[in-house]
There are 2 protein chains.
Amino acid sequence: TKLGEDWIFLVLLGITMALVSWTMDYASAKSLQGITVSRFPYSTSVSRVTYRNILLQYLVWVIYPMVLIIFATIFCHLVAPQAIGSGIPEMKTILRGVVLKEYLTLRAFISKVVGLTAALGSGLPIGKEGPFVHIASMCATVLSKFMSFFSGVYQSPYCYTDILTVGCAVGVGCCFGTPLGGVLFSIEVTSTYFAVRNYWRGYFAATFSAFIFRVLSVINKDTVTITALFRTKFRMDFPFDLQELPAFAIIGIIIMRPFNYLFIYLFFNSRVIYPCVVSFVIATLTFPPALGQFMAGELMPRESINSMFDNFTWNKIWGAPVPAGLGLSSAWLHPDVNIFIVIALFLIMRFWMSAISTTMPVPSGAFMPVFVLGAAFGRLVGEIMAALFPHGILFDGILYRIIPGGYAVIGAAAMSGAVTHTVSTAVICFEITGQISHVLPMMVAVILANMVAQGLQPSLYDSIIQVKK
Amino acid sequence: TKLGEDWIFLVLLGITMALVSWTMDYASAKSLQGITVSRFPYSTSVSRVTYRNILLQYLVWVIYPMVLIIFATIFCHLVAPQAIGSGIPEMKTILRGVVLKEYLTLRAFISKVVGLTAALGSGLPIGKEGPFVHIASMCATVLSKFMSFFSGVYQSPYCYTDILTVGCAVGVGCCFGTPLGGVLFSIEVTSTYFAVRNYWRGYFAATFSAFIFRVLSVINKDTVTITALFRTKFRMDFPFDLQELPAFAIIGIIIMRPFNYLFIYLFFNSRVIYPCVVSFVIATLTFPPALGQFMAGELMPRESINSMFDNFTWNKIWGAPVPAGLGLSSAWLHPDVNIFIVIALFLIMRFWMSAISTTMPVPSGAFMPVFVLGAAFGRLVGEIMAALFPHGILFDGILYRIIPGGYAVIGAAAMSGAVTHTVSTAVICFEITGQISHVLPMMVAVILANMVAQGLQPSLYDSIIQVKK
């Protein structure tokens with residue numbers, strides 16, 4: 001059989017990582033609730049102006065993330081500095097056969113888990129995919145050392161690569177509940193030859209892990225369904241048609257160039273930029289009663305993704321009475337400022353904030369911030385298209401309405417695909433949204449973005465590897 | 001860049017295969033229309049009894065497929081007998097380094113394309129995935145020989161495996177418009193080590209091919225959308241819950257055992273069973289005015305899949321007035337016979353018919369027939385569940401309605417996964433349906449089916465390889 005003797009290892013790894021992932025999600029969500037205590041009622045024109053206790057609210061908004069970031073910094077520094085950053089570049093290096101010291105120890109594992117939870121709980125735009133890949137790999141290594149007491153199978157160096165490959169798959173799989181994306185990622189992270197036996201093993205472990213992870217969420221009543229994280233609800237008979245493709249292609253081609261340079265520049269010049277200054281500046285700028293109101297600053301990262309993937313066309317409802325079921329998306333509709341300006345401002349501000357946030361010496365990934373930026377860019381293009389063709393696009397005698405949320409999904413996939421040079425992002429994207437109806441245009445956009453990006457520069461991970469050499 | 005010099009080759013391969021696939025689809029669809037000329041108005045209780053010209057209709061129903069099958073048999077026999085059968089076992093053997101003579105020539109290509117078109121046009125339950133993999137590989141080989149006039153890159157034996165791997169990905173990709181499933185299949189068909197460069201190349205070529213293929217369908221107005229082939233429209237907020245999982249697991253575990261043995265037995269004892277006898281017997285048994293009315297015999301393979309994936313609960317509407325929008329599904333609702341018996345009869349009859357059809361000396365695959373059987377089995381379980389819990393399942397205070405169509409999708413994925421020992425079938429399944437909301441239970445079912453199947457027997461492809469040795 002394909003599974004071999006080590007199915008116990010795969011099951012244990014899947015359960016452990018699902019528990020770790022769920023606990024971290026739970027803790028950081030509770031922590032984010034602490035910030036949102038100071039959050040303001042959603043934008044009705046009245047509540048925007050009559051703020052009470054504004055100083056107190058400002059202090060909570062700013063000090064809370066600062067404390068968490070400083071804690072994460074000190075904790076990582078003291079316990080294991082290897083936990084700082086994404087971890088994917090290091091994993092790629094290790095999988096190529098280079099031995100990096102202390103990168104796969106229990107100590108680094110604890111450091112990364114605690115540090116990442118605190119950092120995610122601060123609400124700053126940092127990601128968790130990269131750290132999760134690292135955490136799962138450490139977990140797999142530690143687990144296999146533990147298992148080697150019982151069986152000699154786990155000691156050969158040949159087996160070592162296998163364990164790390166499965167670890168990568170499980171890491172991505174239980175991060176967003178996307179097992180398929182996890183397996184594809186574990187192929188892409190491999191340098192030249194992928195052992196086909198790990199395909200099946202990774203698939204098994206990642207699915208198992210994602211399943212437990214989603215079941216835990218359902219049991220805890222966070223979600224009503226085990227299926228998808230950022231569930232989109234575009235109408236199912238959405239007849240995607242050919243005229244919209246140029247817009248998707250443009251999203252794919254434009255998005256991608258400048259992020260890498262800024263990111264890498266800051267990453268290796270960050271010793272002077274202290275994490276508390278960073279978190280202070282970002283929190284101050286996004287403070288909703290001040291500048292934050294012009295860029296939906298009150299939304300936490302997950303909330304902003306959910307709102308950008310919604311079914312409404314914002315430029316149509318801006319200024320009009322708020323329709324039922326708008327929910328969090330109302331944060332984007334400022335009573336005085338045009339919706340395009342709000343999205344554009346969000347895009348610009350979030351761009352450098354994400355880049356700076358990722359340079360802080362805490363565990364943090366780049367996937368989620370890039371994903372949010374791509375979604376915002378796609379939303380902007382979609383809103384512009386919807387404004388240009390307010391009645392939809394005429395194709396073959398039928399009028400198709402434009403759904404800006406669909407553009408946001410494509411933009412997110414194209415941008416994250418271009419920056420990381422992977423195609424598994426497209427898969428992760430539709431596993432996250434639970435809707436595959438845009439799969440072909442999404443893959444076309446990801447491929448176009450990838451082709452252009454490959455011509456211009458190495459991937460984010462490879463850049464970091466090169467610089468660190 | 002990852003693409004290298006041969007992107008022209010990938011583009012050409014993608015375009016060629018998309019054109020071939022579309023032309024074959026078009027021709028066989030036109031041919032099926034020839035049969036459906038003799039088809040009867042959909043089951044209203046009146047039209048079932050008052051058949052006119054019943055002898056003429058019977059002759060058309062029986063002779064039409066016989067002529068096509070005989071033509072395919074003779075054509076393949078004369079032009080290139082290598083085109084007979086699926087082709088996947090041979091491809092696996094070739095990818096392991098064995099040289100099989102004449103299996104990748106232009107002659108075999110023509111033989112397979114013409115033979116498969118005729119065989120598909122007959123309406124017998126045979127598949128096209130396997131032959132498509134073979135066709136794409138032949139196309140890739142011929143194309144690379146042609147390209148080697150211009151560049152020496154295409155001549156090394158090292159490059160040969162790469163070309164075949166990409167061919168496999170494109171074959172699956174343009175067969176159903178499922179590029180992702182194609183890439184995963186090309187990994188699974190590889191024996192031990194998969195070259196990561198082919199991941200990107202296969203992804204590019206398969207997406208390109210699937211895209212052109214779908215665009216051709218849209219231009220020809222076969223479909224209104226480029227997105228999915230057997231589009232399902234389960235309500236998007238379908239809150240899949242945990243209590244239904246045992247049912248899915250049972251689907252995964254039960255379905256899979258007996259098919260292989262019967263298939264293999266017949267395949268290698270088929271010299272006495274002549275193709276015309278087979279097509280005569282099958283056509284006679286499915287003749288709608290006779291036995292066919294008890295097993296939805298009037299539906300062509302594609303139509304039966306579409307109807308089984310619908311949103312209705314048949315045992316609720318059976319006997320009641322026909323609801324609007326039922327369409328082809330009405331073929332399943334016999335006025336006098338219980339719906340469970342109809343499905344069960346379809347399952348039993350279709351089982352041996354599929355096995356026998358695949359043994360005919362024409363190009364034919366096993367994927368689609370197995371997929372249909374799995375869908376029928378899933379539908380049966382779903383209908384039984386819906387009958388047992390007519391008001392749905394109570395979970396956490398909310399009542400969830402059971403959708404038998406969802407069970408049909410899972411059953412199709414689990415069955416085809418178990419028989420072929422691949423997990424890419426799950427991916428193909430949700431790419432085909434365009435709906436990913438069942439992805440986690442589907443993957444769990446596929447993994448369970450795979451684990452049981454692996455314990456019991458080698459895969460269909462490997463069995464054939466062993467026997468042919």
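Modeller: Let's fix one term up front: a disulfide is a pair of cysteine sulfur atoms within 2.5 Å. This is a predicted model, where local features need pLDDT of at least 70, side-chain atom pairs count only at pLDDT 80 or more, and totals for chains, interfaces and linings use all residues. Side-chain values use heavy atoms, with hydrogens and water left out.

Biologist: How do you know that B:Cys139 has no bond to the closest cysteine sulfur?

Modeller: That sulfur, in B:Cys174, is 8.8 Å away, so it's too far for a bond. B:Cys174 is in no disulfide either, with the sulfur of B:Cys175 nearest at 6.9 Å. Searching the whole structure gives zero disulfides over all chains.

Biologist: What makes B:Cys139 count as buried or exposed?

Modeller: Buried means under 20% relative accessible area, exposed over 50%, and partly exposed in between (1.4 Å probe, protein chains only). B:Cys139 has 7%, so it counts as buried. B:Cys174 has 0%, so that one is buried too.

Biologist: Over to chain A. At what angle do H5 (residues 106-121) and H6 (residues 129-147) pack?

Modeller: About 150°, with their axes 9 Å apart. So H5(A) is roughly antiparallel to H6(A), since angles under 35 degrees count as roughly parallel, over 145 as roughly antiparallel, 65 to 115 as roughly perpendicular and the rest as oblique.

Biologist: Which residues make the contact?

Modeller: With contact meaning heavy atoms within 4.5 Å, they include A:Phe109 and A:Leu116 of H5(A), and A:Phe132 and A:Met138 of H6(A). The residues of this contact divide into 11 nonpolar, one polar and one charged.

Technical notes
Residues numbered from 1 in each chain as written. Chains lettered and ligands numbered in written order. Axes fitted to C-alpha atoms, helices over the stretch in contact; angles between N-to-C directions. Helix = DSSP H or I, 4+ residues; strand = E, 2+ residues; numbered from the N terminus. Nonpolar A, V, L, I, M, F, W, Y, C, P; charged D, E, K, R; others polar.
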